[in-house]
Amino acid sequence: MSSHDTSLKALNTFAIVADATEIITAHSPDDLVAAWGTAQKAKRPFLLLGEGSNVLFLENFAGVVVLNRIKGIEVTEWTKDWLLHVGAGENWHQLVVYALSHNIPGLENLALIPGCVGSAPIQNIGAYGIELQSLCEYVDVMNLETRDVIRLSTSECQFGYRESIFKHDYRDGYAIIAVGLRLSKNWQPKLTYGDLTKLEPASVTPQQIFDSVCQMRRSKLPDPAVTGNAGSFFKNPIVNIALAEKLKRQYPTMPYYPQKDGQVKLAAGWLVEQAGLKGFCLGGASVHQQQALVLINKDGATGDDVKALARHVRNAVAGHFAVWLEPEVRFISACGETNAVEALS
Ligand code: NAP
């Protein structure tokens, strides 16, 4: 376990300037428990952070930030599949690269998603037609008070669209320490999104999909190492069919994705763009010029700048389309996570 200086700027991909009272790196479950004990003893808030790729710090954090850096990738080969047991602190993209280089396909659509493996189930990360839940075999979560480790099966994780039990019942006082992924040897390419539809299903390789996904992401999404951002700021709204059909009549080119439950997914980025907000700036924050779903730290943005911009975007989209966007990014105030929708209302 090691302590750092107290600046969070390099620890959140938005590059928002904020401080914590203390920042601790945890390399093992014991380190997590010790850090939890430190925070409890000092009666301070406790925040677990992976790589800070999906958070917005609204102000200084008045407590202990713990960086989960538990490492390790163990591969078990079975007749029909591989099981990867991965430490929560492994970098997600490096895991995708590792799997490909060991001829284990299945993760390639999820290349270049920023963040740690331990954060992936919290968000149920997804891109280009694949969500973590379809690959996740289990999640090991530790009770920081009792040290008990519980293995949750996929169904127990209660995955949904950017949703899981880790945002609710296992949010406070628990830490994800490892994730189990099952990757089938009967690999089937998933080629339903964007440039992937141009690839030949019969001959395409996992490497070609990986390359295409990396190329698409790099061309559209700002690199957080250059321009602070937290990827998609809002979730794609799922609306009832009556509203979706009404909007489709008004805007025939509107992307429209019927869901299994009869509702319809709309593309949040398209709604923001149609509201005329591409490139719109407020304080140091801006709507990204290439991909309107991404808010960026253009010029020394504060958490308040990004919040004000997000509120403006949300109100403008509601004004145009009667659809209220919900943030995908998690808002962190002085004492911990705060309800992002309420913060924008
Ligand atoms: P896009 O191709 O411009 O499409 C816009 C939205 O429409 C996507 O968000 C996607 O929803 C939906 N969509 C597109 N093709 C679809 C299809 N064939 N079937 C069902 N839904 C479809 O999207 P993009 O912004 O470049 O993103 C491409 C992928 O990367 C998406 O899956 C997106 O979620 C993912 N991504 C995620 C983040 C993040 O920070 N979470 C950032 C960038 C990209 P879904 O989002 O539901 O897939």
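In this predicted model, the side chain of glutamine 291 places a polar atom 2.5 Å from an oxygen atom of the ligand. The protein as a whole covers 78% of the 790 Å² of accessible area that the ligand has on its own. Two further side chains, those of asparagine 236 and lysine 265, also bring polar atoms to ligand oxygen atoms, and the three distances are set out below.

| Residue | Distance from a polar side-chain atom to an oxygen atom of the ligand |
|---|---|
| Glutamine 291 | 2.5 Å |
| Lysine 265 | 2.6 Å |
| Asparagine 236 | 2.9 Å |

These three residues belong to a shell of 17 residues around the ligand, in which Lys220, Asn236, Lys265, Gln291 and Glu328 come nearest. By residue class, the shell divides into 6 nonpolar, 6 polar and 5 charged residues. Among the secondary-structure elements, strand E8 (126–127), helix H4 (206–220) and strand E13 (228–232) each contribute at least two residues to this shell.

A separate description can be given of the second largest pocket, which holds about 300 Å³ of space. Its lining is made up of 16 residues, and Glu163, Lys167, Lys235, Glu337 and Ala340 are those that lie nearest the centre of the pocket. The lining comprises 5 nonpolar, 3 polar and 8 charged residues. Strand E20 (330–333), strand E21 (336–338) and helix H8 (340–344) each provide at least two residues of the lining of this pocket.

Technical notes. Residues numbered from 1 in each chain as written. Predicted model: local features only at pLDDT ≥ 70, side-chain atom pairs only at ≥ 80, totals over all residues. Heavy atoms only, no water. Near = heavy atom within 4 Å. Polar contact = N/O pair within 3.5 Å; in protein donor to acceptor, adjacent residues only side chain to side chain. Areas by Shrake-Rupley, 256 points an atom, 1.4 Å probe, with all protein chains shown as cover. Helix = DSSP H or I, 4+ residues; strand = E, 2+ residues; numbered from the N terminus. Nonpolar A, V, L, I, M, F, W, Y, C, P; charged D, E, K, R; others polar. 1 Å grid on protein atoms, 1.4 Å probe; cavity = no way out; pocket = protein on both sides within 12 Å on 5 of 7 lines; lining within 4 Å. Points joined across faces, edges and corners; volume = space filled by probe spheres on them.
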